[in-house]
Amino acid sequence: MSPESRYPIILSNTETIPGKQIAEFYGLVTGNTVRAKHIGRDIMAGFKNIVGGELKGYTELLQDSRREATERMVEQAQSMGANAVVNVRYATSSIAQGAAELFAYGTAVRVA
Amino acid sequence: MSIYFELFVNFGIPLLVLMVAYFVGNAIEKKHFREIRAREEKVHGFPVISFATLPPDWRVGSAELVTGSVVVSLDYFKRIIAGLRGLIGGRVKTYEPLLDRARREAVLRMTEDAKARGYDAVINVRLETSRLANARKDGRGTAGVEMLAFGTAITLT
């Protein structure tokens, strides 16, 4: 019994999908999202910042954003007719005070 | 009365915050390390590897991207110490445990997710660090470090 995947197509950060052969390449697919911090979360994180430790609000914010970037990448791959994205990479950049861009990219392929 | 009050406001409160930050921050860090060690023991033996070449006898069933991430920040006391260290240079010891625990936490979250969902190993693990922008221009306000661990979870048949 194979585990239930979170995405409609196969994603992998390896150059091929383990156990499968690549039949066709469709090219680079990307997905991004720019998020700003929520003011309430920021105030809570400010208090948490005094004693240190995990800033849960930010962890969740970045996880949600990264999922959104990944979903956009997946949509783009699906519109090309791909059934997998290989060599997925993530990048994060702080573009302004309190805002960050989350970026996911990979190569759309059809595996058999 | 007023001179004592001013003294208290100017020196007492920052000192108090510094002391609270020191003791509470240390307690939180110790607790986190205890948790990490206990959880690492639970996933002991689950293969988490940083390359994609598999041993020749492994037959892969399904594959999926898995991630684990955490945002952590240093306590106020240790940030001050790190700032002082910045004046003379050298090893910034207060930051080392922070990055260590964040990285181990991120890897653990990824591994626990893969294991809980029935995968048998995680291959090609990559780790990324990114600094979150400060909330205010003067460098104060909230700052954090995000650790991201990601890899390909696989099942073996």
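Start by selecting Ala96 of chain A: Ala96(A) stands opposite Ala99(A) in E5(A). What you have open is a predicted model.

**Stop 1: the sheet of chain A**

Now widen the selection to residues 84-96 and 99-111 of chain A. These are strands E4 and E5, and they pair in the antiparallel sense over 10 bridges. Strands of a sheet pair through backbone hydrogen bonds, either parallel or antiparallel, so switch on the backbone atoms here if you want to look at the pairing.

Next, bring in the neighbours. The four strands of this open sheet in chain A come in the order E1-E4-E5-E2, with mixed pairing. At the edges you'll find E1 (10-11) and E2 (22-36) of chain A, each of which pairs on one side only. Then select residues 56-80 of chain A: this is helix H2, which packs on the sheet and touches E2, E4 and E5 of chain A. The direction of H2 makes about 145 degrees with that of E2(A).

**Stop 2: Val34 on E2**

Click on Val34(A), which is found in strand E2 of chain A. Is Val34(A) buried or exposed? Neither, quite: Val34(A) is partly exposed, with 14 other C-beta atoms within 10 Å. Show its contacts and, leaving aside residues up to four places away in sequence, you get Ile95(A), Ala99(A) and Glu101(A). For a distance check, draw a line to Thr92(A): the two C-alpha atoms are 9.7 Å apart, although Val34(A) and Thr92(A) are 58 residues apart in sequence.

Colour chain A by confidence while you're here. Its average pLDDT is 89, and 96% of the residues score at least 70. Among the elements of chain A, H1 (residues 39-51) has the lowest mean, 75, while E1(A) has the highest, 94.

**Stop 3: chain B on its own**

Hide chain A and look at chain B, which has three helices and three strands. Running from the N terminus, the elements go α-β-α-α-β-β. The radius of gyration of chain B is 21 Å, well over the 15 Å that the globule rule gives for 157 residues, so this chain is more spread out than a compact globule. Turn it around and you'll see a C-alpha trace spanning about 80 × 30 × 25 Å along its principal axes. Of its 157 residues, 34% count as buried. As for contacts in chain B between residues at least 6 apart in sequence, 83% join residues at least 24 apart.

Select strand E3 (145-156) of chain B. Because 10 of its 12 residues are buried, E3(B) is largely enclosed by the rest of the structure. E1(B) pairs with E3(B) in the antiparallel sense over 11 bridges; look for Glu64(B), whose bridge partner in E3(B) is Ala153(B). E2(B) also pairs with E3(B) in the antiparallel sense, over nine bridges, and here Ala121(B) has Ile154(B) as its bridge partner.

**Stop 4: where the chains meet**

Bring chain A back. How many residues of chain B are in contact with chain A? The count is 47, against 34 residues of chain A. Elements giving two or more residues to the chain B side are H1 (2-42), E1 (60-73), H2 (76-88), E2 (121-131) and E3 (145-156) of chain B. The largest share, 12 residues, comes from E1(B). Colour that side by residue type and it divides into 22 nonpolar, 16 polar and nine charged.

Finish on E1(B): strand E3 (residues 53-54) of chain A pairs with E1(B) in the antiparallel sense over two bridges. Zoom in on Glu54(A), which stands opposite Val72(B).

Terms used:
Residues numbered from 1 in each chain as written. Chains lettered and ligands numbered in written order. Predicted model: local features only at pLDDT ≥ 70, side-chain atom pairs only at ≥ 80, totals over all residues. Contact = placed C-beta atoms within 7 Å. Nonpolar A, V, L, I, M, F, W, Y, C, P; charged D, E, K, R; others polar. Pairing = 2+ DSSP bridges. Axes fitted to C-alpha atoms, helices over the stretch in contact; angles between N-to-C directions. Buried ≥ 20, exposed ≤ 12 C-beta atoms within 10 Å, placed from the backbone. pLDDT = per-residue confidence, 0-100. Rg over C-alpha atoms; globule rule 2.2 N^0.38 Å.
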